[in-house]
Amino acid sequence: MKIAVTGKGGVGKTTLTALLARAFVDQGFKVLAIDADPSPCLGQALGFPSELVARLEPIARMEALIYERTGAQPGSIGGYFKLNPRVDDLPDQFSVEARGVRLLELGAVEMGGAGCICPESAVLRALVTHLLLRRNEVVLLDLYAGVEHLGRATADSVDAMLIVVEPTRRSLGTAAQIKSLAQDLKLARLYLVGSKVQNDEDRRLIEAGSPGLPVLAYLPLDDAVRQADLAGEAAYDVSPRLRQVAEGLTRAIGLKPVEPASS
Ligand SMILES: Nc1ncnc2c1ncn2[C@@H]1O[C@H](COP(=O)(O)OP(=O)(O)OP(=O)(O)O)[C@@H](O)[C@H]1O
Ligand SMILES: [Mg+2]
């Protein structure tokens, strides 16, 4: 299953993606976490050691690879290149892994809209759309803020989208925009996740302001997120509250690991 996490800037998308990644692993899933933010920080939120994160190179910056797969130099516009390059081996080759989570960085290229047709966007788009899922694998996509990237490619390939909202009218307004775009693209499973929630009033505000979408979970405002960040740890490991909500959320999404077939 592929799950995309989106929402207004700074609402807690990366924090949620990292929490979910660990919670899915604890439930027996393989997890591939894809950092689609041009300034990547998912590795940090996952508490990956900095030496490991330093080994990651965003796919969009791998010029030789992009040339090899598309037949064109990155940055070239026009001319001929393969629109559907082979990508299935890229996660194995270019991800780093810790605590059961594989992490891949995409880098800064627009992949949603039709606007950018360049070799590197073809590779990224193929990665997101044609990634082969292994048995019991969950792919989590940490998208960057805003709605522009919500093009066909993303919507066609994700099974569910979580829109993260704070108890503010602005983040709920962004959620409404994302909803209407996602509906135009016929993305069926669309949910809200409340973030930085302090009390019942915050919950009510989110529920009342929801653009008609169910709220799957409420992540509490918890200083452990900041402390974990400073200590280079994962919020999942330092905050039982956040871990509990993440576990509940994985259940609400409704995936069950499949037992290996017995022979
Ligand atoms: N549940 C929470 N409790 C307290 N602080 C939080 C919580 N979730 C996120 N934060 C804080 O909010 C800030 C933004 O979080 P995060 O990076 O997860 O958001 P984002 O939506 O991914 O941001 P961006 O749009 O920049 O990618 C960080 O400083 C983080 O520590
Ligand atoms: Mg982020």
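Student: Which helix gives the most to the lining of the largest pocket, and what makes a residue part of that lining?

Tutor: In this predicted model, α1 gives the most, with 4 residues. A lining residue has an atom within 4 Å of a pocket point, so 4 residues of α1 pass that test. α1 spans 13-26, and at least two residues each also come from α2 (42-45), β7 (189-197), β8 (215-220) and α10 (224-231).

Student: How many residues line the largest pocket, and which lie nearest its centre?

Tutor: There are 25 lining residues, with Gly 12, Thr 14, Thr 15, Lys 196 and Val 225 nearest the centre. The volume of this pocket is about 520 Å³.

Student: How do you know that ligand 1 sits in the largest pocket?

Tutor: The word "sits" requires more than half of a molecule's atoms to lie within 2 Å of the grid points. Ligand 1 is assigned to the largest pocket, so it meets that condition.

Student: Why is the pair between Asp 37 and ligand 1 called a polar contact?

Tutor: A polar contact needs two N or O atoms within 3.5 Å. Here an N or O atom in the side chain of Asp 37 is 3.3 Å from an oxygen atom of ligand 1, so the pair qualifies. By that test, the backbone also takes part: a polar backbone atom of Gly 10 is 2.9 Å from a ligand 1 oxygen, and a backbone N or O atom of Asp 222 lies 2.8 Å from a ligand 1 nitrogen. Taken alone, ligand 1 exposes 630 Å², of which the protein buries 72%.

Student: What makes up the shell around ligand 1, by class?

Tutor: The shell has 5 nonpolar, 5 polar and 4 charged residues. Gly 10 counts among the polar ones, because glycine is placed in that class.

Technical notes
Residues are numbered from 1 along each chain as its sequence is written. Chains are lettered from A and ligands numbered from 1 in the order in which they are written. This is a predicted model: local features need pLDDT of at least 70, side-chain atom pairs count only at pLDDT 80 or more; totals for chains, interfaces and linings use all residues. Side-chain values use heavy atoms; hydrogens and water are left out. On a 1 Å grid over the protein atoms alone, a cavity is a set of points where a 1.4 Å probe fits but cannot get out, and a pocket is an open set with protein on both sides within 12 Å along at least five of seven lines; lining residues have an atom within 4 Å of a point. Grid points are joined across faces, edges and corners, and a volume is the space filled by probe spheres set on the points. A residue is near a molecule or strand if one of its heavy atoms lies within 4 Å of it. A polar contact is a pair of N or O atoms within 3.5 Å; within protein, one must be able to donate a hydrogen and the other to accept it, and residues adjacent in sequence count only if both atoms are side-chain atoms. Accessible areas come from the Shrake-Rupley method with a 1.4 Å probe; for residues, only the protein chains shown count as cover.
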